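This report describes two chains in turn, moving from their overall make-up to selected helices and loop residues. Please read it beside the sequence and the structure shown here.

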Amino acid sequence: MTRTETDEITLMLREWSGGNAGALDKVLPLVYNELHRQASRFLKKERPNHTIQTTELINEAYIKLAGQHSVQWQNRSHFFGIAAQVMRRILVDYARSRHRLKRGGNEVTLMLDDAVSAATDERSIDLIALDEALDRLAEKDAQQARVVELRYFSGLELEEVANILGVSRTTVSREWRMAKAWLRRELTR
Amino acid sequence: MTPQWQQVKELFNDALDVAPAERARFLDDKCREDVELRREVESLLSSSEWETSFLESPAIADLVEPVKGKGKRLEPGDSLGHYEIVGQIGSGGMGEVYSAIDRNLGRQVAVKILNQDFNRHESNLRRFIQEAKLASALNHPNILVIHEIGETTDSHYIISEFIDGKTLREVLKERTLSLSEVLEISIQTANALAVAHRAHLIHRDIKPENIMIRPDGYAKILDFGLAKLVEQNGGSVHASAEPTDGQTAGTIAGDETTTLRQGQTAHGVILGTVNYMSPEQAKGEPVDGRTDIFSLGAVIYEMIAGRTPFAGDSNSETLANLTNAEPEPFSSLGVRVPDEFERLVAKAVRKSRDERYQTMDALLSDLRALSSSSSAKRGTVSEDVYWLYLQGKCLVGTHSPVDARAAVEYFENAIGLDPVFAAAYAGLAQAHVIASHGGGGSQSELMNKAKDAANRALEIDASLGEGHAVLGEIEYLYEWDFEKAEKSFLQAVHLDPRCELAHSIYGEYLASVGRFSEAIPEIRIAYEIDPKSCANQVIHGRILYLARRFDEANVQFKRVIEIFPQWTTANGWIWLVYEMKGDYDKAFEWLIINQQRNNVPPDRIETYETAWRQGGWGQVGEKMLEMETSQSPTANFYATARNYVRVGKHDLAMEFLKKAFDNRQYQMTWLNVDPFFDPLRGDPRFDELVRSVGLP
């Protein structure tokens, strides 16, 4: 997303909060674009077969965001914060339903201690456990939790996260490093 | 943030800046006796070193991978219950589709295996099954028949009718559709959707991929499983929008409905493309039947233009267009379509659903009207010729001599390209007839041309209803051969019961000869065939006037003004009808309204007002006559004769009627029934004139 586009979002979110309903119409396509970019940035290169699922998840996120009529958007950063939370909720819900499906299908549920042996496998992350751990982290360090949401659930680069949180890139980098270490330890306990 | 956490955080970050070999000493130094602090930092440090890929790819990437390869593919020969798989015929967002043989019944069927992913919400699946059942109960020839819904241990499947055809998407990739094909497909689809809407089901995912076209031209709507049951409310779909507070619509109640709606939306509606999505769908708002109207409109637009109305290079651009841009008119895309068709499509894809067609039935009715007006598409194979013809037809439909002159050109161009296109000759004949009403000395010339064209049409195709109708029109209005004319009209209606021109002009004919009780049903048929024809509505009013049903006549004319405000003809009739009633106050009021609508200079209107104040209606009549004679001589002698009757100058009235007769003015066919000339009836000269016209 270019600089002008993000500024545009802020401007339009303000207009919208100020009662200009037309501004929402203008901002949503940009938001959709942004969400899609975030998700597909990673997936396109490495897993071209998954565009449909990506689209589906993004669409769901988009729809949920579009439905946030009651939110008074303050600025771009506020918006991305909410967007990241929405993404988190959707993805965790998705994981939960798949988890249930596995149980229903008589498959062995992935136990938490399996995660240790599968630690080198990035895809064995238990999102549900991570979600709970992230809640605990938020109690200790709200900023670190936000960094995780923006980085991991929204897929933003460090630079972008710094921009949104209004802190330096180094700070984000440090927060991110520690949050990861802390969460990882929580998950393997 | 607790002080302890703050401390851990600082130490952790600082320790990482220290070389690994130095860390132990560093921590010794910093933690001193605080064993717990040291253990905490050390465990975090080891956690951070141990794992490099942890959380490095976005969550979404962690999720999608495990699903891969889960749905096993079926191979030819595999069994699914008593169905034997023949081969895969497609795949889509919801799952893979195979053709199979039903071993019990020996018939070919289609099998759709639902994606694992699709039934990740159990409630979704339940709802899907329920709505598929409802859709199958619709039992409409244009909706895919569902035979069975079943499940195996690990998947759900749907057995449906096997359609040996192509999706509309495939057809569109292969070739451009002709207008009549576009109409045919649109009508069938709209028809099926109208039936579904009446059953409170909306489809929500109308797109070319979901419309199958059989080789015999039959269209079938697929994937009704994504349909949404809308709450029954007032019996009409458009009135039954889903409540916005997230409560359920339809049959499933409870807390899950909010997720359900969103889950469903995510699954079905905007999977893949947003090209056919209505703006309300795009915004995640509740949808009703009008969303299908939008989507079908987008499909129709694409069938004609080759792309969807709001298409952009990406989904986000399309979404932006959906809210900010207007669709390009067909003309600017280099596609020629009749204006009516352009309007129809534009109305279907309006951004605000309140401005769209409000029901699928209304859209269907307009599509049908358009189709019947183009049922004359026999005898030409060229699309270009057909467009020219339709343009001409549209212009003729306004009954304006100016438009008719333009229509002549279109028809002549069509004939130039296809000299054996019978319907174009019939259209040309009608255009000449209407052009001749504009007055001027060329009437006889135009009527001769009209007659030649009508005869030529019937030489090429003697079964062309419209050819007989227009011939009858010439025989009636110009040749005053009433017997022959009636035969032509009856022949036209017999050959083509939906020939609008035949019913319309026959209705007028019947009024001329005083058969009012037959005339009114006839004109009603005409405007049932083409409800948008203003001309027919005016003719209806005129028939009521000739039948001396003045109150009804003015109700009708006022209705015309309401529906077609730009149509000034009706205005001119209203004051005349009031005059006939003897209600001069109203007559004067409407005379002025009419003058204003026709942009008559204000000083002329003042002249009338002065006359009205000084000498009432009689004085106004004098002024009207004065105005008329002071202007360049008009060709409408019939109207001038009326003006003389108004002021009691019967000799002069007779003189002008004689002129109207010599000029074969078509209004002379009304002479025997026109209430205006009642004061002249019994005058031998007048009665002789009536006989000369040949009125029975």
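A residue counts as buried if 20 or more other C-beta atoms lie within 10 Å of its own. By that criterion, 41% of the 189 residues of chain A are buried, and for chain B the share is 45% of 696 residues. The model is a predicted one.

Chain A contains nine helices and zero strands, so that its pattern along the sequence is written α-α-α-α-α-α-α-α-α. Chain B, by contrast, has 29 helices and 11 strands. Among contacts with a separation of 6 or more, residues 24 or more positions apart supply 60% in chain A and 57% in chain B.

**A helix pair in chain A**

Two packed helices are described by the angle between their axes and the distance between the axes. In chain A, helix α6 (residues 127-140) and helix α9 (residues 169-188) have axes that come within 10 Å and cross at roughly 125°. This angle makes α6(A) oblique to α9(A), and the crossing is right-handed. On the α6(A) side the contact is formed by A:A129, A:L130, A:A133, A:L134 and A:L137, which meet A:A179, A:W182, A:L183, A:E186 and A:L187 of α9(A). Sorted by type, the residues of this contact comprise nine nonpolar, no polar and one charged.

**Two buried helices in chain B**

The table sets out two helices of chain B, with the span expected at 1.5 Å a residue and the distance between the end C-alpha atoms.

| Helix | Residues | Length | Expected span | End C-alpha distance |
|---|---|---|---|---|
| α14(B) | 383-396 | 14 residues | 20 Å | 20 Å |
| α22(B) | 534-546 | 13 residues | 18 Å | 19 Å |

For α14(B) the end-to-end distance agrees with the expected span, and for α22(B) it agrees as well. Helix α14(B) is largely enclosed by the rest of the structure, because 11 of its 14 residues are buried; among them are B:V385, B:Y386, B:L388 and B:Y389, together with B:K393 and B:C394.

Helix α22(B) is mostly covered, with 12 of its 13 residues buried. The buried residues include B:A535, B:N536, B:Q537, B:H540 and B:R542, as well as B:V538, B:I539, B:I543 and B:L544. Against which helices do the buried residues of α22(B) pack? They pack against α20 (500-512), α21 (516-529), α23 (550-563) and α24 (569-581) of chain B.

**Two loop residues with positive phi**

Most residues other than glycine have a negative phi. Just after α22(B), however, B:R548 takes a positive phi of about 60°, and this residue lies in the loop between α22 and α23 of chain B. B:R548 is partly exposed, because 16 other C-beta atoms lie within 10 Å.

The residue B:W480 likewise has a positive phi, near 55°, although it is not a glycine. B:W480 is placed in the loop between α18 (465-477) and α19 (482-495) of chain B. With 19 C-beta neighbours inside 10 Å, B:W480 counts as partly exposed, since the buried class begins at 20.

How values were computed. Residues are numbered from 1 along each chain as its sequence is written. Chains are lettered from A and ligands numbered from 1 in the order in which they are written. This is a predicted model: local features need pLDDT of at least 70, side-chain atom pairs count only at pLDDT 80 or more; totals for chains, interfaces and linings use all residues. Helices (H or I, at least four residues) and strands (E, at least two) are DSSP runs, numbered from the N terminus. Two residues are in contact if their C-beta atoms, placed from the backbone, lie within 7 Å. The expected span of a helix is 1.5 Å times one less than its number of residues. Axes are lines fitted to C-alpha atoms, for helices over the stretch in contact, and angles run from 0 to 180 degrees between N-to-C directions. Angles under 35 degrees count as roughly parallel, over 145 as roughly antiparallel, 65 to 115 as roughly perpendicular and the rest as oblique. A crossing is left-handed if the near helix is turned anticlockwise from the far one by less than a right angle, and right-handed if clockwise. Ala, Val, Leu, Ile, Met, Phe, Trp, Tyr, Cys and Pro count as nonpolar, Asp, Glu, Lys and Arg as charged, and the others, Gly among them, as polar.
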